[in-house]
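Work through the following exercises with the sequence and the model open beside the text. Each task is followed by a solution that goes step by step.

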Amino acid sequence: MKHRLIDADGPSTYIVVLETGDEVAASLSRFAEENKLAGTSFKAIGALSSAKVGWFDWQTKKYETAADFQEQLEVLSLIGDVALKDGKPVVHAHLIVGRKDGTAHGGHLLEARVRPTLEVVLTESAQPLHKTVDPKSGIALIQP
């Protein structure tokens, strides 16, 4: 993973470039922790060698695997945010991938491996975002 601060005049903006073999969720979480991100949005494009996406099951209150791809994929869209939960940055991301037949699939990012690159642009807001566990859903949600 390579990164650089590309704009510090307004909201801090970073470019993070993941490389072949990097695990997306773990890499973004590590970057967020190392850079003390607290109120960030991000977007990315690139390609993957595998991806697992999920959906939230309201009955079980857990993320279930919707699709597990073990093939070359285009990242059509990866969007998400970083907010603080119990004082630590937490990454939440959704992913849409394109397959070689032109079909697209997406969901909550569970895991993904980069091949050959993933270009991520992160923008940090001036105010931190905070997550707390919502009793109805059982998951941590950003509090406005």
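The exercises treat the salt bridges and then the largest pocket.

The model is a predicted one, in which local features need pLDDT of at least 70 and side-chain atom pairs count only at pLDDT 80 or more, while totals for chains, interfaces and linings use all residues. Residues are numbered from 1 along each chain as its sequence is written, and side-chain values use heavy atoms, with hydrogens and water left out.

**Exercise 1.** Count the salt bridges, and explain what the pair Glu19 and Lys2 ties together.

Solution. Begin with the general idea that side chains of opposite charge can pair when their charged atoms come close. The rule applied here asks for a side-chain nitrogen of Lys or Arg within 4 Å of a carboxyl oxygen of Asp or Glu, and by this rule the count comes to three salt bridges. In one of them Glu19 pairs with Lys2, with 3.4 Å between the closest N and O atoms. Because Glu19 belongs to strand β2 (residues 13–19) and Lys2 to strand β1 (residues 2–7), this pair ties together parts that are 17 residues apart in sequence; strands are DSSP runs (E, at least two residues), as helices are (H or I, at least four), numbered from the N terminus.

**Exercise 2.** Place the salt bridge of Arg99 and Glu71 in the fold, and classify both residues by accessibility.

Solution. The two side chains meet at 2.8 Å, N to O. Arg99 sits in the loop between β6 and β7 and Glu71 in the loop between β4 (62–69) and β5, so the bridge ties together parts that are 28 residues apart in sequence. For the classes, take buried as under 20% relative accessible area, exposed as over 50% and partly exposed as in between (1.4 Å probe, protein chains only). Arg99, at 29%, is partly exposed, and Glu71, at 23%, is also partly exposed.

**Exercise 3.** Describe the lining of the largest pocket.

Solution. On a 1 Å grid over the protein atoms alone, a pocket is an open set of points where a 1.4 Å probe fits, with protein on both sides within 12 Å along at least five of seven lines, and lining residues have an atom within 4 Å of a point. The lining has 16 residues, of which Tyr63, Val91, His92, His108 and Lys131 lie nearest the centre of the pocket. By element, the largest share, four residues, comes from β6.
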